[in-house]
Amino acid sequence: MTPRLGMHFDDLDEAYNFYNAYGKLAGFSIRKESSNRGKDGEVVWKRFVCSKEGKTDEKHWIGKELVQRRRMETRFDCKAKLQVKLDKSGGYVVSMFVPQHSHAPATPSKRFMLRSHREVPESKRQLINTYDAANVQSKQRMQVFASQSGGLDKIGFTDTDLNDYNAKKVPSFAVFSTSRRPS
């Protein structure tokens, strides 16, 4: 399951999902870094990197007048990456793979909480929709999920993920109509 040069993917989503699954096993989270499009608008190449790639901009941590709130350092100039390029067949092939990280991997017990691996599962989504209909608040939902799972650290997603899921849903009571009501 380790990426290798020349490995073929049908599309960019397949490449992302593969590298994300590899990252979960290896103990790191990934993100999409950059890409390049051809004249026709099709992505010619795409780079996925370790989420700890790069460095924090100096203006955020040097000079007291610029710092509003101190945050924990999350970037460690990690060089691990996977780059795919468009193949003549229409798919994408791995053109660059750097496996070395500049930081320790996450422990197996914490890997599910890395950002690219967190997801609200379908079983919980159905329960969330039921709670929405009953106007149960997010904090109370998380308490129920924690009691069912054996603790907040075993739920598999955060309250932010829960709120993001709710924000993406189209309200079931919303009726979209362009016609006018009769007077």
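**Exercise 1. Place Asp153 in the chain and decide how open it is to solvent.**

Start with the address: Asp153 sits in the loop that links helix 3 (138–149) and helix 4. Keep in mind that this is a predicted model. Next, take the relative accessible area of Asp153, which is 44%. The cut-offs are under 20% for buried and over 50% for exposed, so Asp153 comes out as partly exposed. To finish, look for a partner far off in sequence: Ser109 is 44 residues away along the chain, and its C-alpha atom lies 9.3 Å from that of Asp153.

**Exercise 2. Work out the order of the secondary structure elements and the buried share of the chain.**

Count the elements to begin with: there are four helices and five strands. Now read them off from the N terminus, and you get β-α-β-β-β-β-α-α-α. For the buried share, the chain has 183 residues, and 30% of them are buried.

**Exercise 3. Describe how helix 3 packs against helix 2 and against helix 4.**

What do you need for a pair of packed helices? The angle between their axes and the distance between the axes.

- Helix 2 with helix 3: helix 2 covers residues 122–133, and its axis is 11 Å from that of helix 3, at an angle of about 140°. Roughly antiparallel would take an angle over 145 degrees, so this pair is oblique. As for handedness, helix 2 passes helix 3 in a right-handed crossing.
- Helix 3 with helix 4: here the axes come within 10 Å and cross at roughly 120°. The roughly perpendicular range runs from 65 to 115 degrees, so helix 3 is oblique to helix 4. The crossing of helix 3 past helix 4 is right-handed.

**Exercise 4. Is Asn135 buried or exposed, and what is its phi?**

Find the residue: Asn135 belongs to the loop between helix 2 and helix 3. Its relative accessibility is 66%. That is over the 50% cut-off, so Asn135 counts as exposed. Then check the backbone: phi of Asn135 is near 60°, which is positive although the residue isn't a glycine.

**Exercise 5. Run the accessibility check on Phe145 and give its C-alpha distance to Gly156.**

Phe145 is part of helix 3. Its relative accessible area is 0%; since buried means under 20%, Phe145 is buried. For the distance, Gly156 is eleven residues from Phe145 in sequence, and their C-alpha atoms are 9.8 Å apart.

**Exercise 6. Characterise the largest pocket: volume, lining and residue classes.**

A quick reminder of the idea: a probe the size of a water molecule, rolled over the atoms, shows where empty space remains.

1. Volume first: the largest pocket comes to about 590 Å³.
2. Now the lining, which has 18 residues; closest to the centre are Arg115, Ser116, Arg118, Asp161 and Lys168.
3. Which elements supply at least two lining residues each? Strand 2 (30–37) and helix 4 (159–168) do. Helix 4 contributes the most, with five residues.
4. Finally, sort the lining by class: nine residues are charged, five are polar and four are nonpolar.

Terms used. Residues are numbered from 1 along each chain as its sequence is written. This is a predicted model: local features need pLDDT of at least 70, side-chain atom pairs count only at pLDDT 80 or more; totals for chains, interfaces and linings use all residues. Side-chain values use heavy atoms; hydrogens and water are left out. On a 1 Å grid over the protein atoms alone, a cavity is a set of points where a 1.4 Å probe fits but cannot get out, and a pocket is an open set with protein on both sides within 12 Å along at least five of seven lines; lining residues have an atom within 4 Å of a point. Grid points are joined across faces, edges and corners, and a volume is the space filled by probe spheres set on the points. Ala, Val, Leu, Ile, Met, Phe, Trp, Tyr, Cys and Pro count as nonpolar, Asp, Glu, Lys and Arg as charged, and the others, Gly among them, as polar. Buried means under 20% relative accessible area, exposed over 50%, partly exposed in between (1.4 Å probe, protein chains only). Axes are lines fitted to C-alpha atoms, for helices over the stretch in contact, and angles run from 0 to 180 degrees between N-to-C directions. Angles under 35 degrees count as roughly parallel, over 145 as roughly antiparallel, 65 to 115 as roughly perpendicular and the rest as oblique. A crossing is left-handed if the near helix is turned anticlockwise from the far one by less than a right angle, and right-handed if clockwise.
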